[in-house]
Amino acid sequence: RWDNRKFTSGVNHLGSAMKSVGEVMAIGRKFEEAFQKGLRMVEDSIDGFGDMPSHYELKGTAALERALVQPNDQRVYAISQAFREGYSVDDIHKMTMIDKWFLFKLQNINKAEKILKNHALLDIPRSAFLHAKQLGFSDTQIGRCTNESEMDVRERRKELGVLPFVKQIDTLAAEFPASTNYLYCTYNGTEHDR
């Protein structure tokens, strides 16, 4: 996270200067899940990949491509917009030089969002609902995609039996039994660890 908006002389372009003002620890069993949890922690007004902060707006192809080429703290939103506008992983890779593995993972989130947007909340199949939750979609984010409230999404999720599992982080790399209480919730599981 870079917080250059607070400083009038701050420049948000990535260079050799240290600019980070914080970090997040987002834990999940899939990259997509951890990534979306991290985004929500960095920017509390964002519900996940695909959401845009109110201060961020790119108009036109030239502005979007400039935002993709120049690394900065807002580039993740440009990548999301590029996927929505039909750019391929190869197109985005050529402009960002971000490893395709990461871009394919972000594309998975974008594809799931498209599926959600093409359904009314009550028509989302359980499998699609579970898949979205496994990719780290929050109830608020699903609500944004379906034009429903977070509480309506939560109620429907519970009706479908899509519930999280509490998992324990193995802090000893399976060398010895871990008895720590580092716990997290995930939809990528079949039973609780604790």
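A nonpolar core is a set of buried Ala, Val, Leu, Ile, Met, Phe, Trp, Tyr and Cys residues joined through side-chain atoms within 4.5 Å. The legends below describe close-up views of a predicted model.

**View 1. The largest nonpolar core has 37 residues.** Within this core, F49, I79 and F137 touch the most other members. At least two core residues come from each of helix 2 (61-69), helix 3 (75-84), helix 4 (89-96), helix 5 (100-117), helix 6 (126-134) and helix 7 (139-146). Helix 3 contributes the most, with 6 residues. In soluble globular proteins, nonpolar side chains tend to be buried together.

**View 2. The surroundings of F137, one of the core residues with the most contacts to other members.** Leaving aside neighbours within four places in sequence, F137 is in contact with Q36, R40, I109, A112, E113, L116, A132 and I142. Of these, Q36 is among the buried residues of helix 1.

**View 3. The whole protein, for orientation.** The protein contains 8 helices and 2 strands. Along the sequence they follow the pattern α-α-α-α-α-α-α-α-β-β, with the helices coming before the strands. Of the 194 residues, 39% are buried. The accessible surface comes to about 11200 Å², and carbon and sulfur atoms account for 53% of that surface. Among contacts between residues at least 6 apart in sequence, 52% join residues at least 24 apart.

**View 4. D47 in the loop between helix 1 (31-42) and helix 2.** D47 has a relative accessible area of 8%, so this residue counts as buried, the cut-off being under 20%. The side chain of D47 makes a polar contact with the side chain of R144, at 2.9 Å. Apart from neighbours within four places in sequence, the residues in contact with D47 are R40, S138, T140, Q141 and R144. R40 is also in contact with F137, the subject of View 2.

**View 5. Helix 1 and the elements that cover its buried residues.** Helix 1 has 12 residues, which at 1.5 Å a residue should span 16 Å. The C-alpha atoms at its ends are 16 Å apart, so the model agrees with the expected span. The buried residues of helix 1 are E32, E33, A34, Q36, G38 and L39. Their cover includes helix 3, helix 5, helix 6, helix 7 and strand 2 (183-186). An α-helix has 3.6 residues a turn, so residues three or four places apart point the same way.

**View 6. Aromatic rings between helix 1 and helix 5.** The protein has 5 aromatic pairs. In one of them, the rings of F31 and W101 have their centres 5.4 Å apart and their planes at 65°, so the pair is edge-to-face. This pair links distant parts of the chain, with F31 in helix 1 and W101 in helix 5, 70 residues apart. F31 is partly exposed, with a relative accessible area of 26%. W101 is also partly exposed, at 45%. The rings of F31 and F102 likewise have their centres 5.4 Å apart and their planes at 65°, so this pair is edge-to-face too. F102 lies in helix 5, 71 residues from F31 in helix 1. At 37% relative accessibility, F102 counts as partly exposed. One aromatic cluster is formed by F31, F35, F49, W101 and F102. F49 in this cluster is also one of the core residues that touch the most other members.

**View 7. Helix 4 and the residue that follows it.** In helix 4, V89, I92, H93, M95 and T96 are buried. The cover over these residues includes helix 2, helix 3 and helix 5. After helix 4 comes M97, whose phi is positive, near 65°.

**View 8. Q107, a residue of helix 5.** Q107 is buried, with a relative accessible area of 15%. Leaving aside neighbours within four places in sequence, Q107 is in contact with F83 and V89. V89 is itself one of the buried residues of helix 4.

Key. Residues are numbered from 1 along each chain as its sequence is written. This is a predicted model: local features need pLDDT of at least 70, side-chain atom pairs count only at pLDDT 80 or more; totals for chains, interfaces and linings use all residues. Side-chain values use heavy atoms; hydrogens and water are left out. Buried means under 20% relative accessible area, exposed over 50%, partly exposed in between (1.4 Å probe, protein chains only). Helices (H or I, at least four residues) and strands (E, at least two) are DSSP runs, numbered from the N terminus. Contact means heavy atoms within 4.5 Å. A polar contact is a pair of N or O atoms within 3.5 Å; within protein, one must be able to donate a hydrogen and the other to accept it, and residues adjacent in sequence count only if both atoms are side-chain atoms. Accessible areas come from the Shrake-Rupley method with a 1.4 Å probe; for residues, only the protein chains shown count as cover. The expected span of a helix is 1.5 Å times one less than its number of residues. Rings of Phe, Tyr and Trp (its six-membered ring) pair if their centres lie within 6.5 Å; planes under 30 degrees apart count as stacked, over 60 as edge-to-face and the rest as tilted.
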